[in-house]
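Work through the exercises below with the sequence and the model at hand. Each task is followed by its solution.

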Amino acid sequence: MSEQLSTALSKALSISEKQISQMLVMQDAMNSRVSDTWRENGYEWYRAIWVECAEMLDHHGWKWWKHQEIDIAQVQLELVDIFHFGLSLRLMSGDSAKLIAGDLAKELHQGTAESDFKVALENLASAAVTNKAFDAKALADCMSLMNMDLDELFRQYVGKNTLNFFRQDHGYKDGSYIKEWHGEEDNEVLAKLVSSLDAGAEDFQQQLYKALEEKYPA
């Protein structure tokens, strides 16, 4: 590898580590919002991963006996959901957040170069079912095949994490939360708001939460 390429990779990994570190903090906060004892509760994060994989396959299409078109936006959203569960699973390992961020940055930059989305997704599901593990390289393959880079993962993750907090604050746990907002699901509203705001702003999460409050039908 040339010195120029090595420097570029080192810079990219450094940026990714910072983003992943932020997401780990946000994931821990979200899990703690649901339960202060989430680390001791024995939640099956691995099961959540493979169930999401199955749901995602329907959005991608796999039935050879009928016409299907890939819903890229929905597939990307499912990948973000899986990353939430993957972060949680890694946090359960007992490793430091710094070590987890470094490992994930490398794995997400590597991938395995799998060219078939369905196979990449099955690799992701297989690791969850067989080893109760999060295969970040398989996720990287899925992301690459859906034209999704780490910056886009970060942008959508912050968006979904903010919506998850908003849901908890507005009755998601007791069933009083309103999922449909003026004819659109909250995820659809979120996608529009995220694209209309500056994801690079330091107060992006606060801006987004405020925008959600303004749109909420209650």
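**Exercise 1.** Which residues form one aromatic cluster together with Phe166?

Solution. The model is a predicted one. In it, the cluster that holds Phe166 also takes in Tyr172, Tyr177, Trp181, Tyr209 and Tyr216.

**Exercise 2.** Classify the ring pair Tyr43 and Trp45, then the pair Tyr172 and Tyr177.

Solution. A pair of aromatic rings is described by two quantities, the distance of the centres and the angle of the planes. Over the whole structure, the search gives 14 aromatic pairs. For Tyr43 and Trp45 the ring centres lie 5.8 Å apart and the planes meet at 90°, so this pair is edge-to-face. For Tyr172 and Tyr177 the centres are 5.4 Å apart and the planes stand at 80°, so this pair is edge-to-face.

**Exercise 3.** Are Tyr43, Trp45, Tyr172 and Tyr177 buried, partly exposed or exposed?

Solution. Buried means under 20% relative accessible area.
- Tyr43 has 38% relative accessibility and therefore counts as partly exposed.
- Trp45, at 12%, counts as buried.
- Tyr172 has 38% and counts as partly exposed.
- Tyr177 has 10% and is buried.

**Exercise 4.** Where is Gly111, and which residues does Gly111 touch beyond four places away in sequence?

Solution. Start with the backbone: Gly111 sits in the loop that runs between helix 4 (97-110) and helix 5 (117-131). Next, accessibility: the value for Gly111 is 16%, so this glycine counts as buried. Then the contacts: leaving out residues up to four places away in sequence, Gly111 touches Lys137, Ala140 and Asp141. Last, a distance: Cys142 is 31 residues from Gly111 along the chain, and their C-alpha atoms are separated by 9.0 Å.

Terms used: Residues are numbered from 1 along each chain as its sequence is written. This is a predicted model: local features need pLDDT of at least 70, side-chain atom pairs count only at pLDDT 80 or more; totals for chains, interfaces and linings use all residues. Side-chain values use heavy atoms; hydrogens and water are left out. Helices (H or I, at least four residues) and strands (E, at least two) are DSSP runs, numbered from the N terminus. Buried means under 20% relative accessible area, exposed over 50%, partly exposed in between (1.4 Å probe, protein chains only). Contact means heavy atoms within 4.5 Å. Rings of Phe, Tyr and Trp (its six-membered ring) pair if their centres lie within 6.5 Å; planes under 30 degrees apart count as stacked, over 60 as edge-to-face and the rest as tilted.
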